[in-house]
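Subject: Structure handover

Hi,

Here is the structure I said I would pass on. Have a look at it first, and then read my notes underneath.

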Amino acid sequence: MSSYRQLADAQKGRGRGAPAYSLYVNRPVGRVFAAALHEMHLTPNQVSAISAVFTAAGIVLLATVPATVWLGVVVWLLLAVGYALDSADGQVARLRGGGSLAGEWLDHVIDAFKAVCLPLAAAIGWYRFFPLAHDAWLLVPLVLAVATTVEFFGMILNDLLKARQGLPQATERGGSSVLRSLMGLPTDYGVVCFAFVLWGFPGVFVIVYALLTLAEVAYVALALPTWFVRMKRL
């Protein structure tokens, strides 16, 4: 379709070290959604709203429905579609000639919502439906909620302060790297979503989620000093 072909010339840059799932899976899937939704004359804000509905549905199911194998698959699909639509809204905006400040605000608010609510829903689901050996395991999703919130706010603040200095958002030298993208997989939101396929196997899921949390905490611990040094150079 014509919208899909137009997007070939309207894609964002790959970004330095963008995680592999987001770069090689989510963005292309979002491109397909964007082309179809643009043909349906949906606005970027409407696409963002649909994305939020899919994500919120998955989050609510985690906290309210007993853990089963099928529930894990359904939750993953809901979260994955919501994530792809989150990529699609910006691509629809580019097809329409550019986005708006209100649209960017809405997109970031939805991102902030899922960054904190998804691990909190996981914590509720663990408490209600998982046979945990010790309540201390509930700290794992709570720690992830803190780490993802700090990372999200730090990235937004980086862009805000760069813009205040008249600098583009992406000022790092160098291009994307396949190795760097693969190394970022444990911190990729898409991979975290896929992990919920294991939701029906509590013992396995808890270990996998703990490892993903550890990876996210390590990433934030390394990123924050780097970002601080960059801010001092502005």
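Below is what I found, going from the whole chain to single helices and then to a few residues.

First, a caveat: this is a predicted model, so please read everything here in that light.

**Overall**

The protein has nine helices and zero strands. Read from the N terminus, the order of elements is simply α-α-α-α-α-α-α-α-α. There are 234 residues, and 38% of them are buried. If you take the contacts with a separation of 6 or more, 80% of them come from residues 24 or more positions apart.

**α3 against α4**

Helix α3 covers residues 44-64 and helix α4 covers residues 69-95; their axes are 8 Å apart, and the two pack at an angle of about 165°. With that angle, α3 is roughly antiparallel to α4. The contact between α3 and α4 involves 18 nonpolar, five polar and two charged residues. As for handedness, α3 and α4 cross in the left-handed sense.

Leu-62 sits in helix α3. How accessible is Leu-62, buried or exposed? Its relative accessible area is 0%, so Leu-62 is buried. Setting aside residues up to four places away in sequence, Leu-62 touches Val-75, Leu-118, Ala-121, Gly-125, Phe-129, Phe-196 and Trp-199. There is also a C-alpha to C-alpha distance worth having: Leu-62 and Ala-123 are 9.1 Å apart in space, with their positions 61 residues apart in sequence.

Before α3 there is a backbone detail to check. His-41 is not a glycine, yet it has a positive phi of about 65°. His-41 belongs to the loop between α2 (20-39) and α3. With a relative accessible area of 66%, His-41 counts as exposed.

**α5 against α9**

The axes of α5 and α9 cross at roughly 150° and come within 13 Å. Angles over 145 degrees count as roughly antiparallel, and α5 and α9 are therefore roughly antiparallel to each other. The crossing of α5 past α9 is left-handed. Which residues meet there? On the α5 side they are Pro-119, Ala-122 and Trp-126, and on the α9 side Phe-205, Val-206 and Tyr-209. By class, this contact of α5 with α9 has six nonpolar residues, with no polar and no charged ones.

α9 has 32 residues, which should span 46 Å at 1.5 Å a residue, and its end C-alpha atoms are indeed 46 Å apart. The buried residues in α9 are Phe-205, Val-206, Tyr-209, Leu-212, Thr-213, Glu-216, Val-220, Ala-223 and Trp-227. They pack against α5, α6 and α8 (189-194).

**α6 and its surroundings**

Helix α6 takes in residues 139-164, 26 residues in total. From first C-alpha to last, α6 reaches 37 Å, close to the 38 Å expected at 1.5 Å a residue. The buried residues of α6 are Val-140, Pro-141, Leu-144, Ala-145, Ala-147, Thr-148, Glu-151, Gly-154, Asn-158 and Lys-162. Their cover includes α5 (101-129) and α9 (202-233). Just after α6 comes Gly-166, with a positive phi of about 75°.

Two residues help to place α6 among its neighbours. One is Asn-158, which lies in α6 itself. Asn-158 has a relative accessible area of 12%, and under 20% means buried. Apart from neighbours within four places in sequence, Asn-158 is in contact with Trp-227 and Met-231. Trp-227 also appears among the buried residues of α9.

The other is Cys-117, placed in helix α5. Cys-117 and Ala-145 are 28 residues apart in sequence, while their C-alpha atoms are 7.6 Å apart in space. Ala-145 is one of the buried residues of α6. Is Cys-117 buried, exposed or in between? Its relative accessibility is 22%, and buried needs under 20%, so Cys-117 counts as partly exposed.

That's what I have for now.

Best wishes

Conventions
Residues are numbered from 1 along each chain as its sequence is written. This is a predicted model: local features need pLDDT of at least 70, side-chain atom pairs count only at pLDDT 80 or more; totals for chains, interfaces and linings use all residues. Side-chain values use heavy atoms; hydrogens and water are left out. Helices (H or I, at least four residues) and strands (E, at least two) are DSSP runs, numbered from the N terminus. The expected span of a helix is 1.5 Å times one less than its number of residues. Buried means under 20% relative accessible area, exposed over 50%, partly exposed in between (1.4 Å probe, protein chains only). Contact means heavy atoms within 4.5 Å. Axes are lines fitted to C-alpha atoms, for helices over the stretch in contact, and angles run from 0 to 180 degrees between N-to-C directions. Angles under 35 degrees count as roughly parallel, over 145 as roughly antiparallel, 65 to 115 as roughly perpendicular and the rest as oblique. A crossing is left-handed if the near helix is turned anticlockwise from the far one by less than a right angle, and right-handed if clockwise. Ala, Val, Leu, Ile, Met, Phe, Trp, Tyr, Cys and Pro count as nonpolar, Asp, Glu, Lys and Arg as charged, and the others, Gly among them, as polar.
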